[in-house]
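Trainee: I'm new to this one, so please pick out the salt bridges and walk me through a few of them slowly. I'd like to know who pairs with whom and where the partners sit.

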Amino acid sequence: MKKLPSLIKRNLAQKLLIGFGLSLVTIGLGTLWVTYSSLRQDLEKQVQQRAESITRGLEFASEGLIEIKETILLGRIVQNYATLPTVLEVSIVDPDGILIAHSRSFSMGTRYAEMRPSLAADVNQSSQLGKELHLRTTLQGKPVVVEVLPFSSLLFGKKGKRGVAIAIMDLNQMEQDTRQSFLSSTLTMAIGTGIILLFLVWLIQQLVLRPLANLNEAIIQSTQTEDFALPDLPSDEIGFLGNNFAAVFGQLRAYKQMELEVVELELREKSRYLDAVLLNLQDMKYALDRSAIVAITDIRGEITYVNDKFCEVSKYNREELIGQNHRLLNSGYHPPAFFAEMWQTITSGQDWRSDIRNRTKDGSLYWIDTTIVPLLNLQGVPYQFLAISQDISDRKRAEQEMRLLTERLELNNRELQDFAYVASHDLQEPLRKIQAFGDRLKTTNGDILNDKGKDYLARMLNAANRAQVLINDLLAFSRVTTKAQSFVAINLNEILEGVLSDLEVRIEQTGTIVEFDSLPVIEAEPSQMRQLLQNLISNAIKFRKENVAPIIQIRASQTHQDDRDACEIRVIDNGIGLDQKYSDRIFQMFQRLHGRNAYEGTGIGLAICRKIVERHGGMISVESQIDQGATFIITLPLKQATIEDYD
C-alpha cells in the first residue's frame, strides 16, 4: 500500500501525456470547422460516457465500502477518478445530503447543497426518485456535464433512502484545448498526427477504455448475477480499483452468507420451538381425551367433534353424533328453562357450568359435570362452543346413598332421643318406686325377716342402685350429642380446677397426688370438657394398685392436627395398667376388663370420653402395660373447623 501513490502518479502522467498528444492530433486533423465541430461533439459524448462510467464505478464502490465503513479507501478512489482528463469534481453524498467523499478536501458534516447550491435540487430529486440524471449546465461560468447516479446501501436503513454519486466534467477545458490545437496545427502535420492519432486511439483503447469497459461490464454483470468476476486488468490504478471491487464484493458476499446462516439458525430454533409446542399440545390433548368428555358444536348447536371418551360414555359412535344436536342425549330430567338459560349464557359469550343428566343410546342414565366455553372470533362473537365434561355418575350415586344414610342416622338419632326420654322418665319412675318401697320394707319389717329374706332384699336394692347408675350413664352418653351446647373459648386450667375440687374428698381418702402443666385455651363445650377430665382422673384413682398411693400427671404440649393448631393432653397414672391389645376395646360401650365385684362401674365412662373427643374433632388413645400404669392421650384442636375451612 505504501507504493500505491507513486504508481498512481506515474500512470496518471502517462495518461496525461497521451491525452495531450491526442489533443494535438485532433487539432491537426481538424482542418475544417465542420470537422472540428464534429470532433467536439464526439468528445462531448465521450466525456458524458466517461462521467457515466465513473458514477457507476462509484456506485458499486460506495455500496460495499460504506457498509464495511471503509470511507478512507472510498476517498482515495474518488480522488483517483478526479485525476482523469476533463474531470472537474467527483462527489459521494448520503441520503440526507451530507458529503461522504469528495475529490477535494472538505469538513465532516458538510452538506452538498452548501458546496453546489445550483445542483442541490437536481441531486435531491435523483436521490428521492432513484433515477439517473444527465445534466449539461454552467458552473462558475464554465460549461460542464453533470452525471448523477443514485445508489442504496444496507446502512441507509429502510427502502427508499438513497445516496448519489456525482461526476462533473469540464467542457470548457475540452473546447479550449481543441481550439488551441486547431490554430497551432498545420495541414502538413495532418498525415503525421493522423498516424499518431490512430496509435494513440489504439493505445487509449487498450490501456484505458477497454479496461474501464471491462470493469464496467463486470460491475453491471455483478448486479444481475450477484457474483463479481474480476476481468483481466492491467497493473495500474484501474487494476487496483478492480481488485478493491473484488475485495469489497467478497466481503459483501461473506456478510450476506453470514446473514443467511443467522436466518437459518433462527428458523431452526423457531422450528424446534414449534415442534415442542406441538408435542405439548398433543400430550395435553391425549391427557384430556383420556380423562374428559369433549365435544365441539357450531353456532347452531350441531355437533362437529366428539372425542373417544364421549362415544364411550354415550354409547353412540362418532358417525351417529356428528351433525346431531345434544337433544339426542336429553333424558327429560331437566326442564326446558334449564337449557334455555344455558343457551342464553353461552351465546352471550359467557362460560356456563352445571350438572346434567343424559341418556345413553341403550336408555341408561348417567350424570356429567359440564363446562361450556364459547370460542370467539376477532369481533368477540361466538362462532363455536367447546364442552368439557366429567362423568360423575358414581358421585351422584354416592350422594344418593349418603342422603339415605343420613336419613337413617337422623331416624336413629330420633329413636335414641326417644329412648333417652323413656329412660329418664318412664324407666326411672318404677325404679324409684322399687328403691323407695325396698327401703321402706327394710325399715319397717327388716327385723322380722329371716336371713334369706334380708339377703333377697339387699340384692334387690343393690340391683336397683346399679340400674339407676346404668340409666344415668346411658343418659350421659346420649346427652353428648342430644343435649350438646355450642363451642366457646374456655380455659382448661379453670375446668381442671373445678374437677379437682369435686374429687377433693376422694383424692384425700386415697392419698392421690395430682401433678399438671398449664393447659391451653381452646374452643369447646365446658360441661363436656369437665366430664372428660373427671372420667379420666376418676378412672386413674379407681384402677390404682393396692397399697400404692396413686400419682396422676397431666401434661400438655402444642401439636398439629389436619394442618391446624392443636393441643395434646396426656393423663398418666401409676395404676394397674392394661394389656395393649385391649386399647381399642375399652372405648366401646359396656366393655369391662375386670369383674363387677373387683371394680364398680358400667363400662360406659370411656365410651363417653371417646364420644366427647370425637365431637370436638379430636382423637383419644391409650398406651399401657399390665402393672406399668396407663397413659391416655387426647388431641384437641385449639379452634373448631368452620365451613370456610373445608372450602
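Mentor: Here's a walk through three of the pairs, one at a time.

First, some ground rules: this is a predicted model, where local features need pLDDT of at least 70 and side-chain atom pairs count only at pLDDT 80 or more, while totals for chains, interfaces and linings use all residues. Residues are numbered from 1 along each chain as its sequence is written, and side-chain values use heavy atoms, with hydrogens and water left out.

A search of the whole structure turns up 20 salt bridges. To count as one, a side-chain nitrogen of Lys or Arg has to be within 4 Å of a carboxyl oxygen of Asp or Glu.

Start with Lys361 and Glu320, whose side chains meet at 2.7 Å, N to O. This pair links distant parts of the chain, 41 residues apart: Lys361 is in the loop between strand 8 (352-359) and strand 9 (365-376), and Glu320 is in helix 10 (residues 318-321). Helices (H or I, at least four residues) and strands (E, at least two) are DSSP runs, numbered from the N terminus. How covered are the two partners? Lys361 is partly exposed at 44% relative accessibility, and Glu320 is also partly exposed, at 27%. On that scale, buried means under 20% relative accessible area, exposed means over 50%, and partly exposed is in between (1.4 Å probe, protein chains only).

Next come Asp369 and Arg353, with a salt bridge at 2.6 Å, N to O. Asp369 lies in strand 9 and Arg353 in strand 8, so their pairing ties together parts that are 16 residues apart in sequence. Here the partners fall into opposite classes: Asp369 is buried because its relative accessible area is 13%, whereas Arg353 counts as exposed at 59%.

The third pair is Lys396 with Asp355, meeting at 3.4 Å, N to O. This one again joins distant parts of the chain, with Lys396 in helix 12 (residues 393-445) and Asp355 in strand 8, 41 residues apart. Asp355 is partly exposed, with a relative accessible area of 21%. It doesn't end with two residues, either: salt bridges that share partners join Asp355, Arg395, Lys396 and Glu399 into one network.

What about covalent links between cysteines? The structure holds zero disulfides, a disulfide being counted when two cysteine sulfur atoms are within 2.5 Å.
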